[in-house]
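This briefing concerns the structure displayed below. The points that follow are grouped by topic for reference at the bench.

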Amino acid sequence: MKNAFVIFALATLALLAYGLYMALVVAPTEATMGDVQRIFYYHVPSAWAAFLCFGINAVASVWYLAKRGVKADAIALASAEVGVVFCSIVLLTGPIWARPVWGIWWTWDARLTSTLVLWLIYVAYLMLRRFSGSGRAPVLAATLAIFGFFDVPFVYLSIRIFRTQHPQPVMGGGENSGLDPVMARAFLWNMLAFTCYCLLVIWMRYRLQIAEQAVEQAHAERALGERA
Amino acid sequence: MTSPTLTAMTRATLAKDLRLEWRSKDAINSMLFFALLVVVIFAFAFDPTAEESRRIAGGLIWTALLFSTVVALNQTWARELRNNVLDAYRVSPAPPNAMFLAKGFANFIFVAVLQLLMAPLFVVFYSLRPIGPLWQLLVIGLLANWALVVNGTFFAAMSIRTRNREIMLPLILFPISIPALMAMVEATTEVLTGDYSPRFWIKLLAAYDVVFTVVCLLLFETVLNAE
């Protein structure tokens with residue numbers, strides 16, 4: 001297990017480095033936006049990583065409520081924390097790109113607003129975990145995660161009615177859509193690198209959580225032993 | 001001994017809560033005064049003309065009601081902590097959902113009374129005169145009330161289990177309620193201005209109510225027994 005982790009970590013590092021090289025050196029400069037467009041190679045993969053994390057969190061939460069395993073809870077916690085970080089990266093890189101291209105930092109557009117609401121829900125999730133006692137936190141948090149999961153379609157539907165300013169997905173859209181093949185390659189390498197990176201960090205956080213649980217358990221057992 | 005049925009148990013708990021509230025008037029008084037304060041503060045903060053207030057009143061009404069609903073929701077379970085009523089309930093054969101439904105209905109009634117008292121106040125303070133059909137406001141009011149109260153009652157049961165109790169409730173309730181809040185504000189604004197039909201938003205609210213009522217009923221037992 002330890003070996004697998006090291007190999008995966010090294011592979012992820014290599015992928016990230018290659019992705020960086022592809023995005024900054026190999027990919028051509030975008031005709032109208034210029035170099036600022038390169039943020040796209042990080043913005044979109046981060047968004048994907050955040051959604052992946054929240055998906056993992058939802059599955060782990062249901063799994064926890066069904067089976068009450070500590071491992072499921074550790075995965076839920078790890079994925080929620082990592083998801084919030086990636087979601088924050090999306091919310092920060094977006095305005096950096098939007099300011100020169102749209103002329104504004106922020107707009108209450110459908111995609112931006114839904115991402116922000118998702119971020120709010122998961123920050124609430126982490127707050128709830130922090131403020132509930134260690135025995136109850138997993139159950140309460142898993143319950144809230146399920147509420148969040150059912151909330152997403154409503155968020156999406158209600159906000160879609162607002163006018164959309166965010167660029168439509170570039171690939172697989174209408175006739176004029178499609179990336180330059182070199183750009184597409186740089187983008188896909190970064191998607192792969194970020195997916196691995198996201199899973200790697202979840203894995204690290206998961207191992208840390210399992211270790212923390214073991215330490216807590218040992219402390220509790222020692223306290224019981226002393227009293228007896 | 002046969003265990004009490006869901007309806008009998010719900011009715012008994014609801015009657016108890018309403019009787020307590022009728023005698024003390026704790027929840028309704030604090031909610032009402034709080035809502036009044038929010039309305040007055042909004043009026044100073046925005047100083048709207050009649051035309052403007054028609055456009056923003058939907059937002060003002062529902063933010064005021066949302067904040068004052070939290071005041072009532074926080075009192076929902078606090079009463080049951082004293083004398084360990086919740087623990088007694090947990091070991092009794094009564095269905096857990098009866099407790100939840102009774103609390104939910106009680107809050108629904110409190111908020112409905114608040115809405116009834118607040119509506120004329122808004123009309124007077126913001127010189128409102130709706131252009132769209134009035135009966136739609138009634139439907140929106142009922143659906144929006146349940147949308148806030150069903151999740152609110154549930155999350156209040158969660159937040160009394162946390163260290164920072166009363167602060168926790170809005171922190172988890174508001175993010176989840178954003179789509180519902182958006183639907184009630186937009187629907188109310190459409191009725192007040194008469195520009196578009198609020199039909200889409202009313203349907204969205206109704207769907208929200210149904211989905212989250214089911215989720216709450218499915219998960220309440222888990223939360224009640226979380227230790």
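The secondary structure of chain A consists of six helices and zero strands, where helices (H or I, at least four residues) and strands (E, at least two) are DSSP runs numbered from the N terminus. Along the sequence, chain A reads α-α-α-α-α-α. This is a predicted model, in which local features need pLDDT of at least 70 and side-chain atom pairs count only at pLDDT 80 or more, while totals for chains, interfaces and linings use all residues. Residues are numbered from 1 along each chain as its sequence is written, and chains are lettered from A and ligands numbered from 1 in the order in which they are written.

**Chain A overall**

- Taken along the principal axes, the C-alpha atoms of chain A fill a box of roughly 75 × 45 × 25 Å.
- Of the 228 residues in chain A, 35% are buried; a residue is buried if 20 or more other C-beta atoms, placed from the backbone, lie within 10 Å of its own, exposed if 12 or fewer, and partly exposed in between.
- Among contacts in chain A between residues at least 6 apart in sequence, 78% join residues at least 24 apart; two residues are in contact if their C-beta atoms, placed from the backbone, lie within 7 Å.

**Confidence**

- The mean pLDDT (the predictor's confidence in each residue, from 0 to 100) of chain A is 86, and 91% of its residues reach 70 or more.
- Over residues 172-176 of chain A, pLDDT stays under 50, and the model has two contacts beyond four places in sequence for them.
- Where pLDDT is low, the predicted coordinates should not be read in detail.

**Helix packing**

- Helix 3 (residues 70-102) and helix 4 of chain A pack at an angle of about 145°, with their axes 10 Å apart; axes are lines fitted to C-alpha atoms, for helices over the stretch in contact, and angles run from 0 to 180 degrees between N-to-C directions.
- By class, this contact of helix 3 with helix 4 of chain A has 14 nonpolar, four polar and two charged residues; Ala, Val, Leu, Ile, Met, Phe, Trp, Tyr, Cys and Pro count as nonpolar, Asp, Glu, Lys and Arg as charged, and the others, Gly among them, as polar.
- In chain B, helix 7 and helix 8 (residues 199-224) pack at about 150°, their axes being 9 Å apart.
- The residues of that contact in chain B divide into ten nonpolar, no polar and one charged.

**Contact between the chains**

- Chain A and chain B each supply 24 residues to the contact.
- Helix 4 (110-131) and helix 5 (137-160) are the elements that give two or more residues to the side of chain A that touches chain B.
- Helix 5 of chain A gives the most to that side, with 13 residues.
- That side of chain A has 17 nonpolar, five polar and two charged residues.

**Core and Leu128(A)**

- The largest nonpolar core (buried Ala, Val, Leu, Ile, Met, Phe, Trp, Tyr and Cys residues joined through C-beta atoms within 7 Å) has 124 residues, and those with the most contacts inside it are Ala76(A), Ile172(B), Met184(B) and Leu205(B).
- Helix 7 (residues 165-193) of chain B gives the most to this core, with 15 residues.
- Leu128(A), found in helix 4 of chain A, counts as buried because it has 24 C-beta neighbours inside 10 Å.
- Beyond four places in sequence, the contacts of Leu128(A) include Leu144(A), Thr162(B) and Ile172(B).
- On the same terms, Ile172(B) touches residues including Ala124(A), Leu144(A) and Phe155(B).
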